Amino acid sequence: MKQFVVALALVISGLLSAQEDNPSPFLENQPRHELRLDAIELIAVSALELSYEYVISQYSGAGASLTISLDSDSVSEENWKFTPFYRQYFFNNQDYGARGFFAEANLQVAFLEDPPCEECVELGERADFTTMGAGLALGQKWLSRNGFSLELSAGIGRYFINNQDRDFYFRGGVLVGYRF
C-alpha cells in the first residue's frame, strides 16, 4: 500500500508540474483542456469512462481517466479504475497541436471484486482487492476546428501489485470529446 501511495503522489506531482511549464508560443491562443467519454465502455461493458487531457505542447499531453462500473451483477468486475497517462504525438504538422498518431504510457490503479472460489459465488461472497499496473497504448486522434474530438486507441498493460490471477488489462476504445 505504501508503494501505491508513493507512486500515485509522483504521478500527480508530475502532472501538476507539467502544467506550470512556460507555454509554447505555438499554443498560446489555443485551448489546452480536453474532456472525453468512451462510447465502447458505455455500450459494450456497461461502464462509464471519463478522461481529461491537458495539452502540454504541440507534441505532448498528460491526463487521467476514471472508469466506474455501472453493472453490479457481474460475477467478476472492476468497480473502478484510475489511469493517469502521458502521450507523445507524432507526425503533427497541423496548426492545432496534440492530435494525430500518438503513443501513450499509462499506470492503472483498479479496485476489483473477485470471487475467491466457485462455492463462494454460489453463496454470494466476494473478495475485494486493489491492484496496480503499467501499460502502453497506440492511437489516432482527430480534432475539428470547433473543438470536438474523436479518438481510436488500443493498448495493453500488466498488473504488477496484488494481481490475483489478473495479469493483464486492456486500454483503449472509441472516445468522443471536446477541447476547451
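**Notebook: a loop serine, aromatic rings and a surface patch**

I began with serine 46, which is found in the loop between α2 (39-44) and β2 (47-57). The model I am reading is a predicted one, and I keep that in mind for every entry below. Looking up the backbone, I noted that serine 46 has a positive phi of about 55°, although it is not a glycine. With a relative accessible area of 28%, serine 46 is partly exposed, since buried would require a value under 20%.

Next I turned to the aromatic rings, and found that the structure holds 5 aromatic pairs. In one of them, tyrosine 159 and tyrosine 169, the ring centres are 5.1 Å apart and the planes stand at 40°, so I entered the pair as tilted. This pair links distant parts of the chain, with tyrosine 159 in strand β7 (residues 148-161) and tyrosine 169 in strand β8, 10 residues apart. Are these two tyrosines, 159 and 169, buried or exposed? I found that both tyrosine 159 and tyrosine 169 are buried.

I then looked up arginine 87, whose charged end sits over the ring of phenylalanine 85, 4.8 Å from the centre of that ring. Arginine 87 also lies over the face of phenylalanine 102, where the distance to the ring centre is 4.1 Å.

My last entry concerns the surface, where Leu35, Phe148, Tyr178 and Phe180 form a nonpolar patch that has about 410 Å² of accessible area together. Of these residues I followed up phenylalanine 180, which lies in the segment after β8 (168-179) and counts as partly exposed because its relative accessibility is 45%.

Methods. Residues are numbered from 1 along each chain as its sequence is written. This is a predicted model: local features need pLDDT of at least 70, side-chain atom pairs count only at pLDDT 80 or more; totals for chains, interfaces and linings use all residues. Side-chain values use heavy atoms; hydrogens and water are left out. Patches are made of residues with over 30% relative accessible area and no salt bridge: like charges are joined within 9 Å, nonpolar side chains (Val, Leu, Ile, Met, Phe, Trp, Tyr) within 5 Å. Accessible areas come from the Shrake-Rupley method with a 1.4 Å probe; for residues, only the protein chains shown count as cover. A salt bridge is a side-chain nitrogen of Lys or Arg within 4 Å of a carboxyl oxygen of Asp or Glu. Helices (H or I, at least four residues) and strands (E, at least two) are DSSP runs, numbered from the N terminus. Buried means under 20% relative accessible area, exposed over 50%, partly exposed in between (1.4 Å probe, protein chains only). Rings of Phe, Tyr and Trp (its six-membered ring) pair if their centres lie within 6.5 Å; planes under 30 degrees apart count as stacked, over 60 as edge-to-face and the rest as tilted. A charge sits over a ring if NZ of Lys or CZ of Arg is within 6 Å of the ring centre and within 35 degrees of the ring normal.
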